[in-house]
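This briefing is meant to be read beside the sequence and the coordinates. Please keep both open while going through the points that follow.

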Amino acid sequence: MPSNPNTAGSLQQLRTWLHKEWFLVGMLGAVVLATLLPDLGRSGGVLHGDVLTDIGIAIVFFLHGLGLSFASLRQGIMNWRIHAVVQSMTFAVFPLVWFIADALVGQWLPRDLALGFCYLCALPSTISSSVAMTGLARGNVPAAIFNATLSSVLGIVLTPLLVTLFTHVDGQGLPFLATVLSIAKLLLLPLVLGQLMRPLLHAWHQRHKKLTTLLDRWVILMLVYSAFCDSVASGLWRNNGIGTLLTAMLGAALVLALVLVLTTWLSRRFGFQVEDEITTVFCGSKKTLASGVPMAKLLFGANPAIGLIVLPIMFYHQIQLFVCSLLANRYALRKDAAAPH
């Protein structure tokens, strides 16, 4: 009996869509799998998701080191306009967003959840995913590395200062040297090794561009999965009421949407090239969960509602990974389509 041509056509369309949008499907799959099996990929779990993501990030940065010329590194560091916009977004615009939001809706939020949103807006940018997504989107990777690292170091001082100014919370000293060393070990060391190996392996890297791009995507999927496993295992769905969860999720999504629009508009207003726009959008809109949780324990350790305080950054982290990964994929596809063949 001949197959139905409509069914065959629909299956072909589905295969085409899956081939094009496999990254979106992978993101959704990572969230579902983390929700069902959080102990599998959480930090210290069966798969040791924290170790796997660190290894994946180190490999990605090593490959970035192979692909970057010294001239492009120097140009990225010297591009002060990107740095000014990104750092202003992180430590001035975000706190301003909190100040305005608190005046408008703060009285209707639970006190500790409002404190959590304040803390979210005071945090520095995240390093690994900012740079990984900038690389995936074909952005200005040297500028992204410089800005994300600078933001993390500045945040050690500015985050407690901003939180104290807004909430009168007294923080303790934060581990500056340990933070800088961890950044150097995870990101800068692989990058430097890639630069040193560039004369030997650059030609190989150029021949396998598709493979290295695919690796970028898989590492980001692993980041999303591991982050969600940690959040679910720590009681994301179990310890919070549906109203609180929806409020935190909606608030985090609105903040992210606003800063993505602002960073894109500012990039185009200042006439940035597409590569610089990508860097500004990803570095200027990100907030760190990896540094955010340890900082929260230092700043709010005596507060019994610390789980509620870190809820906005937990949601923001998941949403930013999901949305910015898709955005990075769109940037990359657009640049690939525009490139001469």
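In this predicted model, Met27 sits in helix 2, which spans residues 22-36. With a relative accessible area of 0%, Met27 is classed as buried, because that value falls under 20%. The bullet points below begin with the surroundings of Met27 and then turn to other residues, to a pair of helices, to the cysteines and to the chain as a whole.

**Around Met27**
- Once the neighbours within four places in sequence are set aside, Met27 of helix 2 is in contact with Leu221, Val224, Leu321, Phe322 and Ser325.
- One of these partners, Leu221, is 194 residues away from Met27 along the sequence, yet the C-alpha atoms of the two residues are 6.2 Å apart in space.

**Helix 9 and the loop before it**
- Asn147 belongs to helix 9, and with a relative accessible area of 0% this residue counts as buried, because the value is under 20%.
- Which residues does Asn147 touch, leaving aside its neighbours within four places in sequence? They are Ile82, His83, Val86, Gln87 and Cys283.
- Cys283, one of those partners of Asn147, is itself buried, with a relative accessible area of 0%.
- Arg138 is found in the loop that runs between helix 8 (128-136) and helix 9, and its phi is positive, at about 70 degrees, even though the residue is not a glycine.
- At 25% relative accessibility, Arg138 counts as partly exposed, because this value lies between the limits of 20% for buried and 50% for exposed.

**The crossing of helix 7 and helix 9**
- The axes of helix 7, made up of residues 111-122, and helix 9, made up of residues 141-167, approach to within 9 Å and cross at roughly 145 degrees, and the crossing of these two helices is right-handed.
- On the side of helix 7 the contact is formed by Leu115, Cys118, Tyr119 and Ala122, while helix 9 contributes Thr159, Leu162, Val163, Phe166 and Thr167.
- Sorted by character, the residues in this contact between helix 7 and helix 9 comprise seven nonpolar and two polar ones, with no charged residue.

**Cysteines**
- How many disulfides does the structure hold? The number is zero.
- Cys118 takes part in no disulfide, and the nearest cysteine sulfur, which belongs to Cys121, lies 7.4 Å away; the pair is not counted as a disulfide because the cut-off is 2.5 Å between the sulfur atoms.
- Cys118, which is among the helix 7 residues that touch helix 9, is buried, with a relative accessible area of 1%.

**Two further residues with sequence-distant partners**
- Ala257 lies in helix 12, which covers residues 242-269, and is partly exposed, with a relative accessible area of 39%.
- The C-alpha atoms of Ala257 and Val323 are separated by 9.4 Å, although the two residues are 66 residues apart along the chain.
- Ile309 has its place in helix 15, given as residues 306-309, and is buried, with a relative accessible area of 0%.
- Between Ile309 and Leu120 there are 9.0 Å from C-alpha to C-alpha, while in sequence the two are 189 residues apart.

**The chain as a whole**
- The secondary structure amounts to 16 helices and zero strands.
- Of the 341 residues in the chain, 48% count as buried.
- Among contacts in the chain with a separation of 6 or more, 86% are accounted for by residues 24 or more positions apart.
- The accessible surface of the chain comes to about 16800 Å², and 70% of that surface belongs to carbon and sulfur atoms.

Notes
Residues numbered from 1 in each chain as written. Predicted model: local features only at pLDDT ≥ 70, side-chain atom pairs only at ≥ 80, totals over all residues. Heavy atoms only, no water. Axes fitted to C-alpha atoms, helices over the stretch in contact; angles between N-to-C directions. Helix = DSSP H or I, 4+ residues; strand = E, 2+ residues; numbered from the N terminus. Left-handed = near helix turned anticlockwise from the far one by under 90°. Contact = heavy atoms within 4.5 Å. Nonpolar A, V, L, I, M, F, W, Y, C, P; charged D, E, K, R; others polar. Buried < 20%, exposed > 50% of the residue type's maximum accessible area, 1.4 Å probe, protein only. Areas by Shrake-Rupley, 256 points an atom, 1.4 Å probe, with all protein chains shown as cover.
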